[in-house]
Amino acid sequence: MPDGISDKQLKWGYWWVLHRELVRHIVEVGLGIVALALCGYALWQVTDWLANRRAEEDALRQIVNREINIEEYRRTNTPLALEIGTVTAVPIARGLYDLVAEVKNPNLKWAMRDVPFTFTADGQSVQGSTFFLPLESKYVAKLGVPLRVQPRQVSLSFDKVSWQRIRDLSTLSLPSFNVLNQSIEQVTPADAGGPTATRLRFGLENTSPFSFWQVGVTVVLTKSGSVQAVGQQVLSDVTSQSTREVEFYWSETIITADNLVVRPEVNVLDARVLK
């Protein structure tokens with residue numbers, strides 16, 4: 001026995017000589033199995049990619065080929081125009097007229113913070129500005145307009161319309177009011193020879209939880225649907241849950257009416273109006 005070689009090493013060497021081919025065969029088979037598994041995995045990935053690519057191409061093809069209803073999209077995403085009712089010129093004195101029209105904003109999620117308007121009476125124009133909250137209906141008016149004669153034709157137009165999208169109505173501090181104890185009476189002057197006037201009184205209750213620096217009030221008296229008188233004023237410092245006594249006075253005028261419309265207006269689109 002050569003020096004340095006133990007019996008154990010001789011046994012392992014003898015075993016290796018006898019089984020060398022078997023070991024090589026086992027290694028080759030194992031490597032073949034691993035290679036086959038890798039090829040199968042790669043084939044599965046390629047097949048899955050091709051299938052997903054076909055699905056994506058089909059989806060894109062459907063999107064491209066799908067007919068898009070442009071008119072329906074515009075209808076549902078574009079605000080409707082303001083609805084303008086009858087425009088009236090109400091005589092208040094010789095050569096003076098109140099121009100008035102009822103206007104409604106039919107949009108739930110569109111508003112106008114400030115929109116100019118123009119009344120045109122027989123070619124003569126007078127300008128003003130107002131605002132519209134979502135679904136708000138109001139009387140737009142221009143009072144005491146000098147005209148030579150009562151106009152035969154009066155129109156109202158809105159210039160430079162700029163809509164504001166209201167995505168969440170709960171963000172608006174919407175006001176609410178009650179009109180209490182309204183009364184209309186003819187006022188006889190102390191001087192028997194003076195003209196009789198008409199006076200309107202009512203209480204305006206702010207039932208909302210908000211207080212406002214300013215509240216505009218428009219009143220319209222009608223008879224059989226025809227406007228007989230118009231009045232406007234601005235109340236300052238209107239606190240929540242309070243009631244303000246409001247009075248309108250039309251001198252030298254006897255007004256007969258069967259309906260009273262009171263429209264309080266607060267431009268809550270301007271945060272500065274809130275106390």
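**Strand pairings and salt bridges in a predicted model**

Let's start with β10 and β13. They run antiparallel and are joined by 7 bridges. Pairing here requires at least two DSSP bridges between two strands. Helices and strands are themselves DSSP runs, numbered from the N terminus: H or I over at least four residues for a helix, E over at least two for a strand. One contact to look at is Thr 222, which stands opposite Asn 259 in β13.

A word on the source. This is a predicted model, so local features need pLDDT of at least 70 and side-chain atom pairs count only at pLDDT 80 or more, while totals for chains, interfaces and linings use all residues. Residues are numbered from 1 along each chain as its sequence is written, and side-chain values use heavy atoms, with hydrogens and water left out.

Back to β10. Its other partner to show you is β11, residues 226-238. That pairing is antiparallel too, over 11 bridges. Thr 218 has Gln 232 in β11 as its bridge partner. The two strands form a hairpin with 2 residues between them. In the turn, Ser 224 has a positive phi of about 55 degrees.

How enclosed is β10? The strand covers residues 212-223, and 9 of its 12 residues are buried, so the rest of the structure largely encloses it. Buried means under 20% relative accessible area, exposed means over 50%, and partly exposed lies in between, with a 1.4 Å probe and protein chains only.

Next, salt bridges. Side chains of opposite charge can pair when their charged atoms come close. The rule is a side-chain nitrogen of Lys or Arg within 4 Å of a carboxyl oxygen of Asp or Glu. By that rule there are 7.

Take Arg 263 and Glu 102. Their closest N and O atoms are 3.3 Å apart. Arg 263 sits in β13 (residues 259-265) and Glu 102 in β2 (residues 96-104), so the pair ties together parts 161 residues apart in sequence. Glu 102 is partly exposed, at 29% relative accessibility.

Now Lys 138 and Glu 265. Here the closest N and O atoms are 3.6 Å apart. The pair links distant parts of the chain, with Lys 138 in β5 (residues 137-146), Glu 265 in β13, and their positions 127 residues apart. Are these two buried or exposed? Lys 138 is buried, at 1% relative accessibility. Glu 265 is buried as well, at 12%.

Then Glu 247 and Arg 201. The closest N and O atoms are 3.2 Å apart. Glu 247 lies in β12 and Arg 201 in β9, so this pair ties together parts 46 residues apart in sequence. Glu 247 is partly exposed at 39%, and Arg 201 is partly exposed at 36%. There is also a network: salt bridges with shared partners join Arg 113, Asp 270 and Arg 272.

On to the sheet with β9 and β12. It is open, with 3 strands in the order β8-β9-β12 and antiparallel pairing. Its edge strands are β8 (177-187) and β12 (243-250), each pairing on one side only. Between β9 (residues 197-206) and β12 there are 8 bridges. Trp 250 in β12 is the bridge partner of Thr 198.

Last, helix α1. The helix spans residues 7-65 and contains Trp 16. Trp 16 is partly exposed, with a relative accessible area of 40%. Together with Trp 12, Trp 15 and Val 17, Trp 16 makes a nonpolar surface patch of about 470 Å². Patches use residues with over 30% relative accessible area and no salt bridge, joining like charges within 9 Å and nonpolar side chains (Val, Leu, Ile, Met, Phe, Trp, Tyr) within 5 Å. Accessible areas come from the Shrake-Rupley method with a 1.4 Å probe; for residues, only the protein chains shown count as cover.
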